[in-house]
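Work through these exercises with the model open beside you. Try each task before you read its solution.

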Amino acid sequence: MPAEPVSTRNSAAEALTALRDVPREPGSKKPDAILVADDIRRQFGGLVAVDVDHLEVQRGVITALIGPNGAGKTTFFNLLTCFDQPDRGAWSFNGRPLGRVPAYKVARLGMVRTFQLTKVLSKLSVIENMRLAATGQSGEAFLTALLPFRWRSQEMANTDRADDLLERFKLDTKREDFAGSLSGGQRKLLEMARALMVEPELVMLDEPMAGVNPALKQSLLGHVKTLRDEGRSVLFVEHDMDMVRDISDWVVVMAQGRIVAEGPPEHVMADPTVIDAYLGAHHDAALTVEEEEARLREEQASQSSAPATHEEHPKESR
Amino acid sequence: MDWGQIFEFSFRSALTSDAIVYSMAAIGLNVHFGYTGLLNFGQAGFMAVAGYGLAASVATWGLSFWVAVPIGLAAAVVFALLLGAPTLRLRADYLAIVTIAAAEIIRIVVGSVSLSEYFGGRDGLQEFNQSFDALNPYGRPLDLLLFRLRPDDAWVFTVGWVLVGLTVLLVWALMRSPWGRVLKSIREDEEAVRSLGKNVYGYKMQSLVLGGVIGGVAGFLVALDQAAINPENFSTDVTFFAYTVLILGGAARVFGPVVGAILFWFLISVLGNFFTAATAGVDPLISPVLMTDTQASLVRFIAAGLGLVLLVIFRPQGIFGDKREIALDAR
């Protein structure tokens, strides 16, 4: 069973202490790893989407997984949560190997994910979305389902828990609405609240801030921090650098399917390999006057030889 | 034109044999399509395996009727497992293709000449329902005000509606439970359900089996209603009529299939009887230039098709559906 939530503690400071002596290098050993991945490789045809030698995710901290578009972050996420199978490699959660384990069992073990494009159950009410996520429901077995007295009390306990969570995520006013009628940001909140109904030890958030307005972003940040305060571990994929800097205790950087850097946020963001991965190598190298003129000439030559592309330029720059 | 007779025939058709069979078949489809989102286009196949399972067990292999009933149901279960095992892990459309093909395979196999010693070929099977008829409590015709039923029709009528009632009750009880909630969630987004620790494949299989068994009972009712069974009872349009019934009544509504079936057969029958009456006789209401009496019986299906198109445009949620649910899809 997942750890009992502990409310009052300075989890941020604890996380810092725990990670103090961890070397700032790709694949570094963590003192208390909840998730360990070894030699994971996933190929789509000729494209190697993920090729990770070693990764450990520390328990009880917020770990960010960042990288440019196409770095393989979401693919890696799918592999870790068993929504996709790698071509080779081994990974374990809480010491339990996860190779060939079906995705639904991974969730039951205490590792629950959300999706980049939110997946709410549109034609179910918000509260039904929440109730669904509770684990170990006896009423979910075919025969027991026909005997309401066998699941009524459990259903009521789950509903109470769901109501508490809805209140915490400020969705209690939407309780009876169809989930499909929620706004994009509210859907993100519902998805996170729903994931918590599973009582996960490790919450995997795939771009929790994508398409969320700034005001809601602040409250989402607060919610993610609360997860850590409750003693849960968080691994999230994100593009929003402000968020990464604000809440993550540890940052893992992927580029072209590989892990290129690891460390606390300020360390990673100053790392030249990371800047290269995001912006391309030598992006900041100064051009000499001659080089600049040569480029200009090249550009003009290509434009005059292909007038069609010239016309398209204003559109692209919009 | 005799309107009294037209309505008598139409009420009979709306409340007896076809309406009962299609209620049952559509309840099964409701479990598949309405609640779980499984595209089963082979409900006729489920009806056929169960109906033939029952009829052949008695007529060909000489088993007792009461042994034949569980055999028929077991055949529907096996059929569901066979269809589901390879397809339920794949995208929804694979199940649709496999079920429609499998239903045709079943129909052609039971109608084939080489197996006619077991299934009777195109003539089908008869004389398998003596044990069922022996229990018939009706000695005289049953007068239902709107129409009269012969004793054996009255018996099928009674058993049929009781079974439909029990099945509606079963579906209602299941769909308000956490089990039903998982099915409805799978219809909405199976990846999300998987991410929350539910064995989606297992639930889809349970749904396919349950709806298939209900379809199997519809197959029993076909056989008992006619006291005979033949391959043409299970052609592809049976499945599509059942879908029409389901959409008319409102998918994912407990009473949708039943009301849909009654209304569908009433309308089909009113139209059919009206056009037949209007084209019959020496001086018909509708001139033979427009429509002859041989065309009359087909025009009802044209009208029904038009009605279905209008239904989908103007009331896509069916009779019992909730307009707000349909609006969500447009987002």
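**Exercise 1. Decide whether Ser11(A) is buried or exposed, and place it in the fold.**

Step 1. Count the neighbours. Ser11(A) has 21 C-beta neighbours inside 10 Å, so it counts as buried. The cut-offs are these: 20 or more other C-beta atoms within 10 Å of a residue's own make it buried, 12 or fewer make it exposed, and anything in between is partly exposed, with C-beta atoms placed from the backbone.

Step 2. Find its element. Ser11(A) sits in helix 1 (residues 11–19) of chain A. Helices (H or I, at least four residues) and strands (E, at least two) are DSSP runs, numbered from the N terminus.

Step 3. List its contacts. Beyond neighbours within four places in sequence, Ser11(A) is in contact with Gly60(A), Arg228(A) and Asp229(A). Contact means C-beta atoms, placed from the backbone, within 7 Å.

Step 4. Check one distance. From Ser11(A) to Gly60(A), 49 residues apart in sequence, the C-alpha to C-alpha distance is 7.8 Å.

This is a predicted model: local features need pLDDT of at least 70, side-chain atom pairs count only at pLDDT 80 or more, and totals for chains, interfaces and linings use all residues. Residues are numbered from 1 along each chain as its sequence is written, while chains are lettered from A and ligands numbered from 1 in the order in which they are written.

**Exercise 2. Do the same for Val254(B): which loop holds it, and what does it touch?**

Step 1. Val254(B) lies in the loop between helix 12 (236–249) and helix 13 (256–279) of chain B.

Step 2. It has 19 C-beta neighbours inside 10 Å, so Val254(B) counts as partly exposed.

Step 3. Its contacts, leaving aside neighbours within four places in sequence, are Val168(B), Val171(B), Trp172(B) and Met175(B).

Step 4. Gly34(B) is 220 residues away from Val254(B) in sequence and 9.8 Å away in space, C-alpha to C-alpha.

**Exercise 3. Give the strand order of the open six-stranded sheet in chain A, and find its edges.**

Step 1. The order is 6-7-8-3-9-10, with mixed pairing. Two strands pair if DSSP finds at least two bridges between them. Strands of a sheet pair through backbone hydrogen bonds, either parallel or antiparallel.

Step 2. Strand 6 (111–113) and strand 10 (258–263) of chain A are the edges. Each has a single partner strand, so one side of each lacks a neighbour in the sheet.

Step 3. Take the pairs in turn. Strand 7 (residues 202–206) and strand 8 of chain A run parallel, joined by five bridges. There, Met204(A) has Leu235(A) as its bridge partner. Strand 3 (residues 62–66) and strand 8 of chain A are also parallel, over four bridges. Ala64(A) stands opposite Phe236(A). Strand 9 (residues 250–255) and strand 10 of chain A are antiparallel, over five bridges. Met254(A) faces Ile259(A) there.

**Exercise 4. Why is strand 8 of chain A largely enclosed, and which way do its residues point?**

Step 1. Strand 8 spans residues 233–237, and five of the five are buried, so the rest of the structure largely encloses it.

Step 2. In a regular strand the side chains alternate between the two faces of the sheet.

Step 3. Ser233(A), Leu235(A) and Val237(A) point one way, Val234(A) and Phe236(A) the other, and all are buried.

**Exercise 5. Which residues touch the most other members of the largest nonpolar core?**

Step 1. Such a core is a set of buried Ala, Val, Leu, Ile, Met, Phe, Trp, Tyr and Cys residues joined through C-beta atoms within 7 Å.

Step 2. This core holds 180 residues, and those touching the most other members are Ala193(A), Val253(A), Tyr22(B), Met24(B), Met47(B), Ala55(B) and Ala242(B).

Step 3. Helix 11 (residues 200–226) of chain B gives the largest share, 14 residues.

Step 4. Beyond four places in sequence, Ala242(B) touches Tyr22(B), Ala25(B), Ala26(B), Leu29(B) and Gln43(B).

**Exercise 6. Where in chain A does the pLDDT stay under 50?**

Step 1. Start with the means. pLDDT is the predictor's confidence in each residue, from 0 to 100. Chain A averages 85, with 90% of its residues at 70 or more. Chain B averages 91, with 98% at 70 or more.

Step 2. Residues 1–7 of chain A stay under 50, with eleven contacts beyond four places in sequence. Residues 307–318 of chain A are also below 50, with two contacts beyond near neighbours in sequence.

Step 3. For the whole model, ipTM is 0.86 and pTM is 0.88.
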